[in-house]
Amino acid sequence: MADFVLHLYDAAHEQRIAGVTSFIGEDASGSFGIQPNHVRFMTVLVFGLARFRQTQSDWQYLGLPGGVLYFHNNELTVSTRHFIIDSDLENISALLEEQLLKEEENLQATRESIKNLEQAMIKRMMALNRKSMELL
């Protein structure tokens with residue numbers, strides 16, 4: 001049976017998985033599948049779960065917060081900030097939900113920091129404006 005190689009890259013590590021016979025992912029247009037000898041293909045994956053199967057084994061689930069997928073010459077490359085692999089759908093779904101909540105909390109904290117920085121800058125500009133008016 002024909003197969004291909006899956007390369008996974010994130011900010012901390014990389015993983016090479018040989019013998020992949022099928023990959024199913026999702027981009028903005030919906031779900032899609034890749035099998036060996038697929039034509040060259042590139043897309044942006046959405047946040048969620050993809051899955052792949054190796055010869056004679058069960059589906060493995062790949063949780064990721066989006067990423068870039070590229071398939072060429074029977075090699076599939078997925079680049080993302082972080083990925084999780086697990087054969088248990090319930091387990092990986094829980095891990096992915098936890099990751100989503102953490103990212104949302106981090107985003108909220110970043111927004112709050114930006115808001116505080118903007119307010120401090122406005123106060124500082126107003127103080128400088130008052131000083132320059134006093135000098136006139």
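**Figure 1. Ser22 and its partner across the β2–β4 pairing.** In this predicted model, Ser22 has Arg53 of β4 as its bridge partner. That bridge belongs to the pairing of β2 with strand β4 (residues 41-54), which is antiparallel and takes in 5 bridges. When looking along any of these strands, keep in mind that side chains in a regular strand alternate between the two faces of the sheet.

**Figure 2. Thr21 and the residues around it.** Thr21 is another resident of strand β2. Is Thr21 buried or exposed? It counts as buried because its relative accessible area is 11%, and the cut-off for buried is under 20%. Setting aside neighbours within four places in sequence, Thr21 is in contact with Met1, Ala2, Asp3 and Phe4. The same list of contacts takes in Ile34, Gln35 and Pro36, and also Arg53, Gln54 and Thr55. Arg53 turns up here as a contact of Thr21, having already appeared as the bridge partner of Ser22.

**Figure 3. Two hairpins that share β2.** Strand β2 (residues 14-27) is joined to β1 by 5 bridges, and the two run antiparallel. Together β1 and β2 make a hairpin, with 4 residues between them. Look for Tyr9, which sits opposite Glu14 of β2. The other hairpin links β2 to β3 through 2 residues. Here too the pairing is antiparallel, with 5 bridges between β2 and strand β3 (residues 30-34). Which residue of β3 is the bridge partner of Asp27? That would be Gly30.

**Figure 4. An edge-to-face pair, Phe4 with Phe71.** The model has 2 aromatic pairs. One of them brings Phe4 and Phe71 together edge-to-face, with 5.3 Å from centre to centre and 90° between the planes. Phe4 belongs to strand β1 (residues 4-9) and Phe71 to strand β5 (residues 59-72), so this pair ties together parts of the chain that are 67 residues apart in sequence. Both Phe4 and Phe71 are buried. Phe4 is also one of the residues in contact with Thr21, so this view goes well with the one in Figure 2.

**Figure 5. Arg51 over the ring of Trp59.** Here is a charged side chain meeting an aromatic one. Arg51 lies over the face of Trp59, 4.4 Å from the ring centre.

**Figure 6. Leu96, a buried residue of the helix.** Leu96 has its place in helix α1 (residues 89-135). With a relative accessible area of 7%, Leu96 is buried. What does Leu96 touch, if residues up to four places away in sequence are not counted? The answer is Phe47, Gly48, Leu49, Gly63, Leu64 and Ile84. Phe47 is 49 residues from Leu96 along the chain, yet their C-alpha atoms are separated by 9.2 Å.

**Figure 7. Helix α1 from end to end, and what covers it.** At 1.5 Å a residue, the 47 residues of α1 should span 69 Å, and the end C-alpha atoms are indeed 69 Å apart. The buried residues of this helix are Ile92, Leu96 and Gln99. Among the elements covering them are β4, β5 and β7. As for the spacing, an α-helix has 3.6 residues a turn, so residues three or four places apart point the same way.

**Figure 8. Two salt bridges, one of them linking distant parts of the chain.** There are 2 salt bridges in the whole structure. In one, the side chains of Glu103 and Arg81 meet at 2.8 Å, N to O. This pair links distant parts of the chain, with Glu103 in helix α1 and Arg81 in the loop between β6 (75-79) and β7 (84-86), 22 residues apart. Glu103 is partly exposed, at a relative accessible area of 28%, whereas Arg81 counts as exposed at 52%. The other salt bridge is between the side chains of Glu98 and Lys102, at 3.8 Å, N to O. Glu98 and Lys102 are 4 residues apart in helix α1, so about one helical turn separates them. Both are partly exposed: Glu98 has 42% relative accessibility, and Lys102 has 48%. More broadly, side chains of opposite charge can pair when their charged atoms come close.

Notes:
Residues numbered from 1 in each chain as written. Predicted model: local features only at pLDDT ≥ 70, side-chain atom pairs only at ≥ 80, totals over all residues. Heavy atoms only, no water. Phe/Tyr/Trp six-rings, centres within 6.5 Å; stacked < 30°, edge-to-face > 60°. Buried < 20%, exposed > 50% of the residue type's maximum accessible area, 1.4 Å probe, protein only. Lys NZ or Arg CZ within 6 Å of the ring centre and 35° of its normal. Pairing = 2+ DSSP bridges. Contact = heavy atoms within 4.5 Å. Salt bridge = Lys/Arg side-chain N within 4 Å of Asp/Glu carboxyl O. Expected span 1.5 Å × (residues − 1).
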